[in-house]
Amino acid sequence: MMSENTSVSPTGGITPLQQMLASGTGALFTSLFVTPLDVVKIRLQAQRTPFSKGKCFVYCNGLMDHLYVCQNGSSCTAWYKAPTRFTGTLDAFVKITRYEGIRSLWSGLPPTLVMAVPATVIYFTTYDQLQDYLRCRMGRQGAHIPLVAGALARLGAVTVISPLELIRTKMQSRPLSYRELRVCIQSSVAQDGWLSLWRGWGPTVLRDVPFSALYWFNYELVKEWLCRQSRLDKATFMVSFTAGAVSGTVAAVLTLPFDVVKTQRQIELGDMETLRVAASKSSSTWLLLRRIRAESGTRGLFAGFLPRVIKVAPACAIMISTYEFGKSFFQKLNQERQLSSL
């Protein structure tokens, strides 16, 4: 399904390889546009409550989470601890650009891109392929098809990427050669079994799969409604952008409790790898949700509401509109090639 294929998809009119190129471009643009928002947020946060050495925080550009280790090991540069003082978000943008250079707004981007681009390519291409397949088998009018295809595509992407996330966390904890990394992974597998490579898979699935199902279901509904209101036969860039922002916001709000749990689990995993802290008594996601609610109330389950929406809404909007634009470009290119060959 994911391999290069010269046959076009029945509804998209483009090949899987072209879908992969469109989604990869979308992931790149999304990261470039949204990462500065998170860099500024982390710099403001570090200014208020400095991160202690060896501890971890979760850096997320709205498209991909990235566990960052605070000044632990020679490979970690403390970009979040620069001495510049800020009075607010706009002031941070201006001062970082003026005193540290504009490139500082994209600090920490390369390791995020290494994970975000392949994960997004797998996810979006699988979604389109599944949607084409389900529409062929069940008919084009099935309203539930985006929901099913979105959930299955995200499940597949998370399962493929989870071991790479664990490997990245190990490499961040201290400088490792590839040989040392292989030995480290082999010892982990020997001690805890192959399933240890998917540690943290459960909370990720509980957050990302419902998000994906809700996102695609709402995206298709909002896009269709906007097209009807504007009397358009096909979605424009702005229609896709708006539908992506709306559906991303709705999905982000509804799955926020699982995001809170996922963040806690990620930081625990980072502490285990970097500080050699023994694993705390494991508890299920549901028990963790109940514990957070008991300690902090219902509001605790929705901690970080505004930062998550501020990142996820534009990330979803940029990603889907760029992806749809890329697909339209390849559709026109394929049509022109077909006409020229006649």
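Which residue follows α6, and what is the sign of its phi? Helix α6 is followed by Arg 231, which has a positive phi, near 55°. The model is predicted, so that local features need pLDDT of at least 70 and side-chain atom pairs count only at pLDDT 80 or more, while totals for chains, interfaces and linings use all residues. Residues are numbered from 1 along each chain as its sequence is written, and side-chain values use heavy atoms, with hydrogens and water left out.

Helices are DSSP runs (H or I, at least four residues), numbered from the N terminus. Helix α6 covers residues 201–230, and its 30 residues should span 44 Å at 1.5 Å a residue (1.5 Å times one less than the number of residues). The end C-alpha atoms of α6 are 42 Å apart, which agrees.

Among the 11 aromatic pairs of the structure is that of Trp 216 and Tyr 219, with ring centres 5.9 Å apart and planes at 90°, so the pair is edge-to-face. Rings of Phe, Tyr and Trp (its six-membered ring) pair if their centres lie within 6.5 Å; planes over 60 degrees apart count as edge-to-face, under 30 as stacked and the rest as tilted. Trp 216 and Tyr 219 are three residues apart in α6, and therefore separated by about one helical turn.

The axes of α1 (residues 16–48) and α2 (residues 89–100) come within 10 Å and cross at roughly 100°; the two helices are therefore roughly perpendicular (65 to 115 degrees). Axes are lines fitted to C-alpha atoms over the stretch in contact, and angles run from 0 to 180 degrees between N-to-C directions. In contact (heavy atoms within 4.5 Å) are Pro 36, Leu 37, Val 40, Arg 43 and Leu 44 of α1 with Thr 89, Ala 92, Phe 93, Ile 96 and Glu 100 of α2.

Key: Angles under 35 degrees count as roughly parallel, over 145 as roughly antiparallel, 65 to 115 as roughly perpendicular and the rest as oblique.
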